[in-house]
Amino acid sequence: MKRFAMAQMNQSNRTDAAACAPACSCACKASAALSICLDAAILAVSIFLCLIMSLTVLVWLVALTILVLAVRIMKQLNMAESRNAADGSMTACAAA
């Protein structure tokens with residue numbers, strides 16, 4: 001009787017171990033898949049943020065370039081206007 005109980009106990013332990021092994025394996029696979037999905041999501045968000053930041057920098061550079069060009073054009077217009085005004089006053093002085 002003891003031998004039968006020992007055999008049952010050993011067989012029960014093996015059955016438990018055999019039953020637990022696939023569950024553990026499935027849990028490990030699910031955990032790995034979740035980890036890969038999480039890594040992919042983090043990578044996607046990182047790429048998105050880098051693109052947004054680089055586009056923001058690009059927009060600021062374009063705006064700065066337009067501002068510099070506008071200031072130069074305004075200076076040239078003011079210089080031309082002042083030259084024209086000086087030429088007009090010189091012409092008026094010469095005519096008088």
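**Surface and fold of a single-helix model**

The accessible surface of the protein adds up to about 8600 Å², and carbon and sulfur atoms account for 75% of that. The model behind these values is a predicted one. As for the fold, there is not much to list: the secondary structure amounts to one helix and zero strands. The helix, α1, covers residues 2–95. Burial is just as quickly told, since 0% of the 96 residues of the protein count as buried.

Part of the surface is worth a closer look. V57, L61, L64, L67, V68 and V71 make up a nonpolar surface patch of about 530 Å². One of these residues, L61, sits in helix α1. L61 comes out as partly exposed because its relative accessible area is 49%, and the exposed class takes values over 50%.

Then there are the cysteines C37 and C50. C37 has a relative accessible area of 51%, so this residue counts as exposed. C50 is exposed too, with a relative accessible area of 53%. As for disulfides, a search through the whole structure turns up zero.

Methods: Residues are numbered from 1 along each chain as its sequence is written. This is a predicted model: local features need pLDDT of at least 70, side-chain atom pairs count only at pLDDT 80 or more; totals for chains, interfaces and linings use all residues. Side-chain values use heavy atoms; hydrogens and water are left out. Patches are made of residues with over 30% relative accessible area and no salt bridge: like charges are joined within 9 Å, nonpolar side chains (Val, Leu, Ile, Met, Phe, Trp, Tyr) within 5 Å. Accessible areas come from the Shrake-Rupley method with a 1.4 Å probe; for residues, only the protein chains shown count as cover. A salt bridge is a side-chain nitrogen of Lys or Arg within 4 Å of a carboxyl oxygen of Asp or Glu. Helices (H or I, at least four residues) and strands (E, at least two) are DSSP runs, numbered from the N terminus. Buried means under 20% relative accessible area, exposed over 50%, partly exposed in between (1.4 Å probe, protein chains only). A disulfide is a pair of cysteine sulfur atoms within 2.5 Å.
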